[in-house]
Amino acid sequence: MLAKTFLAIYFLLLILLSGSLKQVQKLLSAHEASYLQSLRNLKKKINLLQSNAGKQATRATNSTCPKLEPPVNGRKLGKSHSVGHEVHFVCDPGFELVGPESRVCQESLTWNGQQTACRYINECASSPCLNGGTCVDEVNHFFCVCAKVFVTMTNTSAATSPDTAAASTMPAATSGPLVRPSRCTITQGTTHCTCEPGYTISGRDSTTCTDIDECELFHNGQAGKLCLHACVNTPGGYRCSCPAGYNVTRDGRSCKDIDECATRQNNCTKDQTCINTYGSFQCVRVDCPKIPNATYVKTSPMRCERNPCSVDNKACSQAPNSFSYHYLAVVSNLSAPRVMFRVSAMRPIGDTLRFSLLGGRQARRHFTVQRSDRVTGQLMLVSPVQGPATLEAEVEMSELERRVPLGRYITKVTMFVSQYEF
Ligand SMILES: [Ca+2]
Ligand SMILES: [Ca+2]
């Protein structure tokens, strides 16, 4: 009986125990799940930490921005390209900064701001030269080339002009040294040197001023040709010169022909006529033509008329009624075609007027004759002529009645072509 009781208790205990065990087992399972979850979280955290640590390590070894080159015509200050560091830029004298003065290396390993450049400062941009002066820009300074009438006068002893032809109408030629000392002032520790007009700073220490050779400077005509003919450099200025036979014009740039005929600067004799030409003059004398069967008489310095013919002298009546002489002065390379001369009949007789060009091959190469209206013919220059040259052409005007010639009038034109195109 007792044994049975014990057995019963034992089973009871077993039952009880088995229930507890199940509970314990449940408890343990829950713990295990929780533990595994924690473990997974831990692993995740460790992985995350490891990955972050790796990244940090990478950054630590390569945490600089790309190398920045200094701007052209400028410098970069600051060598560190690390994150958070700053570099600065300055430009060489005569250049100005375009863009930021400094740039910072950012966390993203890029530089903030835009790329910096140094731009050339054109001091002439503000048109600082007055009175028609031409501004010449140089690095960090400029100078003005004066218009002729504003040439700087220097008070040193006058030098003899190398080109006397030009001296008469020119302002007194400037003279003096080609190099002179500059005027320097020191302001807040900075030396600033200046030169008189017509000179530019030279030398390393800016203590000397050298004459600007305006002739050389404008040789290629960047600002228009300084002189029509020739330029003569002078200390502190320049002047224009002209070839013999010309004077420099009032503006100092151009050349004007001297009228030797009007100013009695010619050596023509009494029976000659003075013809003024560009750059010179000509003494001409009209001699009436010698033609068989006809005689001529001078009715004016530039005209010959046929003496009356005897009734039976047919050859005489067929000779030209008159010869007129005309002299033209033209410049070289005159543009063509152009009308050089007109011949008109005052009171034409007959039913027809005819104009034609006489003269040799030379005349036909350069001239042609056209009718401009019913009673007028014109001598045309058909191609430019390079001087110096003298060309001759003859224009014949014929009067006809039913194709029978009634009269012939010859106009001889002589053209003096100058050497220069002014
Ligand atoms: Ca000069
Ligand atoms: Ca002349």
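**A six-stranded sheet and its surroundings**

Of the 422 residues in the protein, 18% are buried. The model is a predicted one, with an average pLDDT of 80 and 74% of the residues scoring at least 70. Two stretches fare worse. Over residues 53-61 the pLDDT stays under 50, and the model has zero contacts there beyond four places in sequence. Residues 148-174 also have a pLDDT below 50, but that stretch has 58 contacts in the model beyond near neighbours in sequence.

As for secondary structure, the protein has 27 strands and four helices. Among contacts with a separation of 6 or more, 46% link residues that are 24 or more positions apart.

Six of the strands make up an open sheet with mixed pairing, in the order 19-20-21-27-26-23. Strand 19 (296-300) and strand 23 (352-358) sit at the edges; each has a single partner strand, so one side of each is left without a neighbour in the sheet. From one strand to the next, the twist averages 25 degrees.

At one edge, strand 19 pairs with strand 20 (residues 303-306) in the antiparallel sense through four bridges, and Val297 has Glu305 in strand 20 as its bridge partner. At the other edge, strand 23 runs antiparallel to strand 26 (residues 389-401), the two being joined by seven bridges. Here Arg354 stands opposite Ser398 of strand 26.

Strand 26 also pairs with strand 27 (residues 404-417), again in the antiparallel sense, and this time over 13 bridges. Glu394 and Lys412 of strand 27 face each other in this pairing. The two strands form a hairpin with two residues between them. Arg402 lies in that loop and has a positive phi of about 50 degrees although it is not a glycine. It counts as exposed because it has just 8 C-beta neighbours inside 10 Å, the cut-off for exposed being 12 or fewer.

The hairpin strands also feed the largest nonpolar core, which has 16 residues; Leu379, Ala393, Val395, Val413 and Met415 are those with the most contacts inside it. At least two residues of this core come from each of strand 22 (338-344), strand 24 (367-373), strand 25 (376-381), strand 26 and strand 27. Take Val413: leaving aside neighbours within four places in sequence, its contacts include Leu379, Ala393 and Val395, and also His326, Leu328, Met340 and Phe341. Another core, of 10 residues, lies apart from this one, with Cys231, Tyr238, Tyr246 and Val248 among its members.

The loops have some backbone quirks of their own. Between strand 21 (322-330) and strand 22 lies Pro337, and the peptide bond leading to it from Ala336 is cis, with omega near 0 degrees. The loop between strand 21 and strand 22 also holds Asn333, whose phi is near 60 degrees, a positive value in a residue other than glycine. Asn333 is partly exposed, with 14 other C-beta atoms within 10 Å. A further cis peptide bond runs from Gly387 to Pro388, again with omega near 0 degrees; Pro388 belongs to the loop between strand 25 and strand 26.

Finally, there is a long-range approach involving Ser280, which is in strand 18 (residues 280-284). Ser280 and Ser418 are 138 residues apart along the chain, yet their C-alpha atoms are separated by 8.2 Å. Ser280 has 19 C-beta neighbours inside 10 Å and therefore counts as partly exposed, since 20 or more would make a residue buried.

Methods: Residues are numbered from 1 along each chain as its sequence is written. Chains are lettered from A and ligands numbered from 1 in the order in which they are written. This is a predicted model: local features need pLDDT of at least 70, side-chain atom pairs count only at pLDDT 80 or more; totals for chains, interfaces and linings use all residues. Two strands pair if DSSP finds at least two bridges between them. Axes are lines fitted to C-alpha atoms, for helices over the stretch in contact, and angles run from 0 to 180 degrees between N-to-C directions. Two residues are in contact if their C-beta atoms, placed from the backbone, lie within 7 Å. A nonpolar core is a set of buried Ala, Val, Leu, Ile, Met, Phe, Trp, Tyr and Cys residues joined through C-beta atoms within 7 Å. pLDDT is the predictor's confidence in each residue, from 0 to 100.
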